[in-house]
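Student: I have a structure to study and I'm not sure where to begin. Could we go through it together, one question at a time?

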Amino acid sequence: MTSTLRDAIYALRTARLGLERRRLDYGAETRERAERLAAVLPASVAELRGYEREYDDLEWFHDSYADRVAEIHDAGVATDTTHWRDGVTLYVVCRALEVETAVETGVLFGSFDAHVLAAMAENGGGTLHAVDLPGGPPGPFEYGHLIPDRCRDRWRLHRGDAREVLPELLERVGPLDLFLHDSDHRLPHMRFEYETARPRLEPGGVLASHDVRLSGLFDRFTDANGLQSCVVCDTGIARVPLGLSADPD
Ligand SMILES: C[S@@+](CC[C@H](N)C(=O)[O-])C[C@H]1O[C@@H](n2cnc3c(N)ncnc32)[C@H](O)[C@@H]1O
């Protein structure tokens, strides 16, 4: 398939997702977060709701996050920032699994990064390796502007195309508790990231992906690889069963 045709299909999918999002009841999705995650994670609904409440009460995080969101909005460049409700899903996952080693692609202002790192701070350990293209986000900001100072020392930024950076990075970092995709959502790239990360996940580890409603790829991939999965708002969460080895080959 030519790249022009691929780009046209991606543009159509993005437009369709925009329409679907208008119909999606995000309030109901958010209220069902704990039930949906409980079907995938080794935690009860009550425990997961406890992490949601803990997040609500995380004053040190909200004070910093709100200030930085305001700075980005004031500069008029907030497009494409991942919504905090998806960040909360990652916060809950990282608390429930006590995630220590995580790799993420697609940083921009770092909404997901901030939430994963906040959970690591509450866990008392962990490192998030984040990959984004050379350059930076729009406006007078650096990648990861939303990350509170308190958890920056757990964050390692790797600049480059995920296609080039990921294979060596994953080899170096070792078995992963979490891989999170939020970079280029065109299907060949998403498939590349899922396929590259899957063998690096620990048994019990999580493959998470933003914008899974763009196509059926996340569902097809998780089914084909025997991963239990759920979708909350715009984020897919899939877990490698404990019985499966890190590398299915
Ligand atoms: C939707 S934004 C990410 C939003 C972010 N995760 C958040 O929580 O706000 C997509 C990001 O992916 C990056 N990106 C796109 N293609 C990439 C690639 N091939 N490799 C690495 N990063 C890529 C872009 O530079 C952009 O910063």
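**Working through the model**

Tutor: Sure. Keep in mind that this is a predicted model. Let's begin with a helix: in α7, S111, F112, D113, A114, H115, V116, L117, A118, A119, M120 and N123 are buried.

Student: So is α7 largely enclosed or not, and how many of its 13 residues are buried?

Tutor: A residue counts as buried when its relative accessible area is under 20%. Because so many residues of α7 pass that test, the helix is largely enclosed by the rest of the structure. The count of buried residues is eleven of the 13.

Student: How far apart are the end C-alpha atoms of helix α7?

Tutor: Start from the expected span: at 1.5 Å a residue, the 13 residues at 111-123 should cover 18 Å. The model agrees with that, since the end C-alpha atoms are 19 Å apart.

Student: And which residue follows α7?

Tutor: Look at the backbone angle just past the helix. Phi there is positive, near 85°. The residue is G124.

Student: Let's move on to the pockets. What is the volume of the largest pocket, and which residues are the closest to its centre?

Tutor: The volume comes to about 950 Å³. There are 42 residues in the lining. The closest to the centre are D80, T81, T82, L108 and D182.

Student: Which elements give two or more residues to that lining?

Tutor: Helices and a strand both take part. From the helices we get α1 (3-23), α5 (59-74), α6 (84-96), α7 and α9 (187-197). The strand on the list is β2 (127-132).

Student: How do the residues of the lining of the largest pocket divide?

Tutor: Sort them by kind of side chain. The polar and charged groups have 13 residues each. The nonpolar group has 16.

Student: What about the second largest pocket: what is its volume, and which residues are the closest to its centre?

Tutor: Its volume is about 170 Å³. Eleven residues line the second largest pocket. Those closest to the centre are R6, I9, R13, L187 and P188.

Student: Which element gives the most to the lining of the second largest pocket?

Tutor: Two helices, α1 and α9, each supply at least two residues. By kind, the lining has six nonpolar, one polar and four charged residues. The element that gives the most, with four residues, is α1.

Student: There's a ligand too. Which residues come nearest to the ligand?

Tutor: The ligand has 18 residues around it. Five of them come nearest: G106, F112, D132, A162 and D182.

Student: How far is an oxygen atom of the ligand from an N or O atom in the side chain of D132?

Tutor: Let's take some backbone contacts before the side chain. A ligand oxygen is 3.0 Å from a polar backbone atom of T82, and a ligand oxygen is 3.4 Å from a polar backbone atom of L108. For the side chain of D132, the distance is 2.6 Å.

Student: Now a few single residues. Is D211 buried or exposed?

Tutor: Find D211 in the loop between β5 (201-210) and α10 (217-224). Its phi is positive, near 55°, and it isn't a glycine. Most residues other than glycine have a negative phi. With a relative accessible area of 11%, D211 is buried.

Student: Where is C233, and what is its relative accessibility?

Tutor: C233 sits in the loop between β6 (228-232) and β7 (235-239). Phi of C233 is positive too, about 55°, although it is not a glycine. C233 counts as buried because its relative accessibility is 0%.

Student: Is R31 buried or exposed?

Tutor: R31 is found in helix α2, residues 26-31. A residue needs over 50% to count as exposed. R31 has a relative accessible area of 57%, so R31 is exposed.

Student: How far apart in space are H145 and F112, C-alpha to C-alpha?

Tutor: H145 lies in the loop between β2 and β3 (155-159). H145 is buried, with a relative accessible area of 17%. In sequence, H145 and F112 are 33 residues apart. In space, C-alpha to C-alpha, they are 11 Å apart.

Terms used. Residues are numbered from 1 along each chain as its sequence is written. This is a predicted model: local features need pLDDT of at least 70, side-chain atom pairs count only at pLDDT 80 or more; totals for chains, interfaces and linings use all residues. Side-chain values use heavy atoms; hydrogens and water are left out. The expected span of a helix is 1.5 Å times one less than its number of residues. Buried means under 20% relative accessible area, exposed over 50%, partly exposed in between (1.4 Å probe, protein chains only). On a 1 Å grid over the protein atoms alone, a cavity is a set of points where a 1.4 Å probe fits but cannot get out, and a pocket is an open set with protein on both sides within 12 Å along at least five of seven lines; lining residues have an atom within 4 Å of a point. Grid points are joined across faces, edges and corners, and a volume is the space filled by probe spheres set on the points. Ala, Val, Leu, Ile, Met, Phe, Trp, Tyr, Cys and Pro count as nonpolar, Asp, Glu, Lys and Arg as charged, and the others, Gly among them, as polar. A residue is near a molecule or strand if one of its heavy atoms lies within 4 Å of it. A polar contact is a pair of N or O atoms within 3.5 Å; within protein, one must be able to donate a hydrogen and the other to accept it, and residues adjacent in sequence count only if both atoms are side-chain atoms.
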